[in-house]
Amino acid sequence: ALAFFDKVKREKNFNYGPVSKGKMERMLRNSDNYATNWVIDQVGGAAAVNKILHQRYSNIFHDTSIVEKIPVPNGATYRNKASARDYSRFLYAMWNDNLPSSKELRRLMSLSNYGRVYQGVPDIPSSTLVFNKTGSTGKCIGDFGILSPKGTDGKRYPYHFIGIVDRDSKSPDSYGSFTQRAEKVIRGVSGTVYNWLQEHRHPLK
């Protein structure tokens, strides 16, 4: 998404219109692999995406490597890499409007989805604003985003959370079993973080 919006900013004839907006929403809201590959193709392919991220945003992406599109229909790709620290730097830059189309990126990430960092986490109040992106493969289950709960003083106290659970191979557990266990871990840690912030840092509700 960032590589796409960077190209929109730099090239006059490259636009973000109804079609690309719909593809971007399906990519980020629904984890649609076909939409993701469409976005990658518009930028010029996986190598072009990787080049933009590392040449123009090297302060953010230290460990990210985009080397292929997502094999469809099963999405069983394990060659693309990213790190929690890269996600953290990306979220910080997006929140502070230091990326092209930061506002639109936040809108896209605010669309309701199956969020592991807040849905099913009873300690996090429903009034919390959430900007997140989930992801999963047979080896990795994750969710990262910004949560902005309201304090007892009426102010918002945003923080970001990155939850990643991975394993070396797809066996012996089934994908469903692995997903359930990983989601339980992410939700548990997310609730723990919220409670710690509430107790030690901010007057959260």
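Two aromatic rings of Phe, Tyr or Trp (its six-membered ring) are said to pair if their centres lie within 6.5 Å; planes under 30 degrees apart count as stacked, over 60 as edge-to-face and the rest as tilted. By this criterion, a search of the whole structure finds seven aromatic pairs.

The structure is a predicted model, in which local features need pLDDT of at least 70, side-chain atom pairs count only at pLDDT 80 or more, and totals for chains, interfaces and linings use all residues. Residues are numbered from 1 along each chain as its sequence is written, and side-chain values use heavy atoms, with hydrogens and water left out.

**Confidence**

The predictor's confidence in each residue is called pLDDT and runs from 0 to 100. The protein chain averages a pLDDT of 93, and 99% of the residues score at least 70. Helices (H or I, at least four residues) and strands (E, at least two) are DSSP runs, numbered from the N terminus. Among these elements, helix 4 (residues 46–56) has the highest mean pLDDT, 98, and helix 7 the lowest, 93.

**Aromatic residues around Phe4**

One aromatic cluster is formed by Phe4, Phe5, Phe14 and Tyr16. Two aromatic pairs that involve Phe4 are set out below.

| Pair | Distance between centres | Angle between planes | Class |
|---|---|---|---|
| Phe4 and Phe14 | 4.8 Å | 55° | tilted |
| Phe4 and Tyr16 | 6.2 Å | 70° | edge-to-face |

Phe4 lies in helix 1 and Tyr16 in the loop between helix 1 and helix 2, so their pair ties together parts that are twelve residues apart in sequence. The pair of Phe4 and Phe14 likewise links distant parts of the chain: Phe4 belongs to helix 1 (residues 2–10), while Phe14, ten residues apart from it, is in the loop between helix 1 and helix 2 (18–30).

How far these residues are covered is described by relative accessible area: buried means under 20%, exposed over 50%, and partly exposed in between (1.4 Å probe, protein chains only). Phe4 has 2% relative accessibility and therefore counts as buried. Phe14, at 12%, also counts as buried, whereas Tyr16 is partly exposed at 24%.

A charge sits over a ring if NZ of Lys or CZ of Arg is within 6 Å of the ring centre and within 35 degrees of the ring normal. The charged end of Lys7 has this position over the ring of Phe14, 4.8 Å from its centre. Similarly, the charged end of Arg167 sits over the ring of Phe178, 4.0 Å from its centre.

**Helix 7 and helix 2**

The expected span of a helix is 1.5 Å times one less than its number of residues. Helix 7 (residues 175–200) has 26 residues and reaches 37 Å from its first C-alpha to its last, close to the expected 38 Å. The 13 residues of helix 2 should span 18 Å, and its end C-alpha atoms are 17 Å apart, which agrees.

The buried residues of helix 7 include Phe178, Ala182, Ile186 and Tyr194. An α-helix has 3.6 residues a turn, so residues three or four places apart point the same way. Contact means heavy atoms within 4.5 Å. The buried residues of helix 7 pack against strand 2 (140–148) and strand 3 (159–166).

In helix 2, the buried residues are Ser20, Gly22, Met24, Met27 and Leu28. Their cover includes helix 1, helix 3 (33–43), helix 6 (102–110) and strand 1 (129–136). Ser31, which follows helix 2, has a positive phi near 55°.

**Individual residues in loops and strand 1**

Asp97 has a positive phi of about 60° although it is not a glycine, and this residue lies in the loop between helix 5 (84–95) and helix 6. Ser101 is in the loop between helix 5 and helix 6, and its phi is also positive, near 60°. With a relative accessible area of 32%, Ser101 is partly exposed.

Glu68 is placed in the loop between helix 4 and helix 5 and counts as buried at 16% relative accessibility. Not counting residues up to four places away in sequence, Glu68 touches Ala46, Thr77, Tyr78, Arg79 and Asn80.

Leu129 is in strand 1 and is partly exposed, with a relative accessible area of 40%. Its C-alpha atom is separated by 4.9 Å from that of Ser148, although the two residues are 19 residues apart along the chain.
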